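Here's a quick briefing on the model shown below. Have a look at the fold first, then at the core and the charged side chains.

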Amino acid sequence: MNDPLTDPNADVFSIKIEMKKYSTLLELKQRVSQEVGIPPNEFVLKRYNIPKEFKNLNSKLIELGLNSGALVKVEKGTPH
C-alpha cells in the first residue's frame, strides 16, 4: 500500500477516515488533506465509481449518502 506522506507521487492510496454522519463535506475534506498532505484546494472528492464531484462543502455527509463504510475517491485537481 502506498503512503501519501512518504510517496506523494504514487497514483493510488487507500486510507480509512472515520467521521460522524452529521459532519460536513468541508470537515471531511480537511481530514483528507491532513491524511494525504495535499491542500484542500488541490483535490476534489467524488463518490467512488461515479465521476461527479461533490461541490457543496456545507452538505452533511448523511445528506450526500455517505454512510458508514462509504467509499470516496480523492482526485488531484482544482475543484470546479
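Of the 80 residues in the protein chain, 26% count as buried. Keep in mind that this is a predicted model. The secondary structure is one helix and two strands, running α-β-β from the N terminus. Among contacts with a separation of 6 or more, 60% are between residues 24 or more positions apart.

**Nonpolar core**

- The largest nonpolar core has 11 residues: L25, L28, V32, V36, I38, F43, L45, F54, L61, L64 and L66.
- Two elements, α1 (25-36) and β1 (43-47), each give two or more residues to this core.
- Helix α1 supplies the largest share, with four residues.

**Rings**

- If you're after aromatic pairs, the structure has zero of them.
- What does turn up is a charge over a ring: the charged end of K29 sits over the ring of F43, 5.0 Å from its centre.
- F43 also belongs to the largest nonpolar core.

**Salt bridges**

- Side chains of opposite charge can pair when their charged atoms come close.
- The count here comes to two salt bridges.
- One of them joins the side chains of K46 and E75, at 3.0 Å from N to O.
- That pair ties together distant parts of the chain, with K46 in strand β1 and E75 in strand β2, 29 residues apart.
- E75 also meets K73 in a salt bridge, at 3.4 Å from N to O.
- Put together, K46, K73 and E75 are linked in a network of salt bridges.

**How exposed the network is**

- K46 has a relative accessible area of 11%, so it counts as buried.
- E75 comes in at 27%, so it is partly exposed.
- K73 has 40% relative accessibility, which means that it also counts as partly exposed.

**E53, a buried charge on its own**

- Where is E53 placed? E53 is in the loop between β1 and β2 (72-76).
- E53 is buried yet has no salt bridge.
- For E53, the nearest side chain of opposite charge is K55, 5.3 Å away, while the salt-bridge cut-off asks for a nitrogen within 4 Å of a carboxyl oxygen.
- Leaving out residues up to four places away in sequence, E53 touches V44, L45, K46, P79 and H80.
- Two of those contacts tie back to the topics above: L45 is in the largest nonpolar core, and K46 is part of the salt-bridge network.

Note on methods. Residues numbered from 1 in each chain as written. Predicted model: local features only at pLDDT ≥ 70, side-chain atom pairs only at ≥ 80, totals over all residues. Heavy atoms only, no water. Phe/Tyr/Trp six-rings, centres within 6.5 Å; stacked < 30°, edge-to-face > 60°. Lys NZ or Arg CZ within 6 Å of the ring centre and 35° of its normal. Core = buried A, V, L, I, M, F, W, Y, C linked by side-chain atoms within 4.5 Å. Buried < 20%, exposed > 50% of the residue type's maximum accessible area, 1.4 Å probe, protein only. Lys, Arg positive; Asp, Glu negative; His and termini not counted. Contact = heavy atoms within 4.5 Å.
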